[in-house]
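Subject: Structure for your review

Dear colleague,

Please find below the structure that I am handing over to you. My notes on what was found in it follow directly after.

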Amino acid sequence: GSLATKVFPRHQLRDEDADLQFLQDEERVIEWLEEDESRFYRTRSSPIYFRRGGTYAGRTLVVLDITENVRLHRKLEHMATHDGMTKIYNRTHFVECSEALLEESAQSKKPLTIALFDIDRFKNINDTYGHDIGDIVIRHVVHCCQIHLGERDVFGRYGGEEFALCMPGRSLDESFQLLEDIRNELYSTMVTTPAGEISVTASFG
């Protein structure tokens, strides 16, 4: 057979798989890195012995391509945790993440702030321009928020036009400044829609 390093070049494996330990493990999932995509394989390794004396002879390796299964699982996982229209966290996942961060904050004694906000007069926007335009407004609000959020900030859609922010590690003053930056971003930016430009504001609490 071929040398393992030729069959599984280290530069095409994740760092955690580059030691080729999966060749010794009974079962393992590895990620194969190609130029424009990743593929996933389940490996199953079993020892083989000579019939006489039971001397160890080597191992057999079965490799199964499970790429489509992994991609489907990740897609379903994303659908279960993210809002379909805005692609940010849905309410359930936002609450789960925030609860974990609250517990972490209590243990570390580091600050954490949670804020809710909703789009002003959103029902009037829907009634005047229609739900398609309302969807454009919601996506615009999400974009304005994402401009200012940090890596640790957790952002979720809490309801129809309601949103929630969890800001770990930010003091109350820093959190207030972040919300003020978002408010100003919304106030100073018109939403371009097929029905014309629309002004949007939000109320924070």
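Asp118 has Glu162 as its bridge partner in strand 6. Please keep in mind throughout that the model is predicted. The pairing to which these notes turn next is that of strand 4, residues 112-119, with strand 6; the two are antiparallel and share 7 bridges.

Strand 6 also pairs with strand 5, which covers residues 154-157; this pairing is antiparallel as well and comprises 4 bridges. Within strand 6, Cys166 is the bridge partner of Val154. The connection between strand 5 and strand 6 is a hairpin of 4 residues.

How many of the 7 residues of strand 6 are buried? The number is 6, and because of this strand 6, residues 162-168, is largely enclosed by the rest of the structure. A residue is called buried here when its relative accessible area is under 20%.

A further sheet deserves your attention. It is an open sheet of 3 strands in the order 1-2-3, and the pairing is antiparallel. Strand 1 (27-33) and strand 3 (56-65) are at the edges; each has a single partner strand, so one side of each has no neighbour in the sheet. From one strand to the next, the twist averages 35°.

Between strand 2, residues 38-49, and strand 3 there are 9 bridges, and the two strands run antiparallel. As an example from this pairing, Ser45 has Leu61 as its bridge partner in strand 3. When you view this sheet, it may help to recall a general point: side chains in a regular strand alternate between the two faces of the sheet.

Helix 2, residues 67-81, lies across strand 2 and strand 3. The direction of helix 2 is at about 130° to strand 2.

The last topic is a pair of helices. In general, two packed helices are described by the angle between their axes and the distance between the axes. For helix 4 (residues 122-129) and helix 5 (residues 131-148), the axes come within 7 Å and cross at roughly 140°. Helix 4 is therefore oblique to helix 5. On the side of helix 4, the contact is made by Phe122, Ile125, Asn126 and Tyr129, and on the side of helix 5 by His131, Ile133, Gly134, Val137 and Ile138. What is the division of the residues in this contact of helix 4 with helix 5 into nonpolar, polar and charged? There are 6 nonpolar and 3 polar residues, and no charged ones.

Yours sincerely,
A colleague

Terms used. Residues numbered from 1 in each chain as written. Predicted model: local features only at pLDDT ≥ 70, side-chain atom pairs only at ≥ 80, totals over all residues. Heavy atoms only, no water. Buried < 20%, exposed > 50% of the residue type's maximum accessible area, 1.4 Å probe, protein only. Pairing = 2+ DSSP bridges. Axes fitted to C-alpha atoms, helices over the stretch in contact; angles between N-to-C directions. Contact = heavy atoms within 4.5 Å. Parallel < 35°, antiparallel > 145°, perpendicular 65-115°, else oblique. Nonpolar A, V, L, I, M, F, W, Y, C, P; charged D, E, K, R; others polar.
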